[in-house]
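Hello,

Here is the structure I promised to pass on to you. Please have a look at it first, and then read on for what turned up.

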Amino acid sequence: MNLENDVDLYLLNVNGNIIQSSKNSGRSEDTISRQLSAGTYYIQVNQYSGNSRYDLGTNSVLDNAGNNRDLARDIGWLGTSNVTYFDAVGGVDKNDFYKFYISGTRDLRLSLTGLSADADLEVLDSSGTRIDFSNLSGSRSESISINNLRAATYQTKANSEYLQYRDWE
């Protein structure tokens, strides 16, 4: 927003109710960053004082993974070939969760690569208990190798831009 005077910014739901607002004083830029479910939303710009022209910009990032264990993206049964998932995190989208299943006893290899910032990778059992993790500093790739992982349902938790799963029988 390229402001001449003070304006306020509102995010409204389909019924016109305010979901979030930004009311910075003076000519300070107003911003709203929020994770939204599918639906219809409105942006409202209100004059607070004086007349003002403004520039309004929007962007959105599609979140392919769930943001908590209950909403984990179910990627199904892992086989013996590489499977790659692309996603991004930042702002209000801090975590990505993926749920997967393993039949029989397997060795599991996970990697989190192509990072532009620090991220961590975890493997959780079906109750949410951490089985293993990788937490290198900076934007170095993260990886986890677990041998003889028993048949069960598992989840990963990652702040990811590029997530790759691989397991071997």
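**A patch on the surface**

I43, Y54 and L56 together make a nonpolar patch on the surface, and their combined accessible area is about 280 Å². Before going further, please keep in mind that this is a predicted model. Where does I43 sit? I43 belongs to strand β3, which covers residues 41–47. With a relative accessible area of 45%, I43 is partly exposed. Patch members need over 30% relative accessible area, and I43, at 45%, is therefore above that cut-off.

**The sheet around β3**

Strand β3 is also part of an open sheet of three strands, whose order is β2-β1-β3 and whose pairing is antiparallel. Why is one side of β2 and of β3 left without a neighbour in the sheet? Both β2 (18–22) and β3 stand at the edges and have a single partner strand each, so there is no neighbour on one side of either strand. On average, neighbouring strands of this sheet are turned by 20° against each other, with direction ignored.

If you would like to look at one pairing in detail, try β1, which spans residues 7–13, and β2: four bridges join these two strands in the antiparallel sense. Here you will find L12 opposite I18 of β2.

**The chain as a whole**

Stepping back, the chain has twelve strands and zero helices. Read from the N terminus, its elements are therefore strands throughout, β-β-β-β-β-β-β-β-β-β-β-β. The chain has 169 residues, and 31% of them count as buried. Its accessible surface comes to about 10,000 Å², with 41% of that belonging to carbon and sulfur atoms.

As for contacts with a separation of 6 or more, 67% of them are between residues 24 or more positions apart.

**A salt bridge**

How many salt bridges does the structure hold? There is one, and it links R130 with E122. The closest N and O atoms of the pair are 3.3 Å apart. Side chains of opposite charge can pair when their charged atoms come close. Are the two partners buried or exposed? R130 is partly exposed, at a relative accessible area of 45%, whereas E122 is buried, at 15%. The cut-off for buried is under 20% relative accessible area, which is why E122 counts as buried.

I hope this gives you a good way in. Enjoy exploring the model!

Best wishes

Key:
Residues are numbered from 1 along each chain as its sequence is written. This is a predicted model: local features need pLDDT of at least 70, side-chain atom pairs count only at pLDDT 80 or more; totals for chains, interfaces and linings use all residues. Side-chain values use heavy atoms; hydrogens and water are left out. Patches are made of residues with over 30% relative accessible area and no salt bridge: like charges are joined within 9 Å, nonpolar side chains (Val, Leu, Ile, Met, Phe, Trp, Tyr) within 5 Å. Accessible areas come from the Shrake-Rupley method with a 1.4 Å probe; for residues, only the protein chains shown count as cover. A salt bridge is a side-chain nitrogen of Lys or Arg within 4 Å of a carboxyl oxygen of Asp or Glu. Buried means under 20% relative accessible area, exposed over 50%, partly exposed in between (1.4 Å probe, protein chains only). Two strands pair if DSSP finds at least two bridges between them. Axes are lines fitted to C-alpha atoms, for helices over the stretch in contact, and angles run from 0 to 180 degrees between N-to-C directions. Contact means heavy atoms within 4.5 Å.
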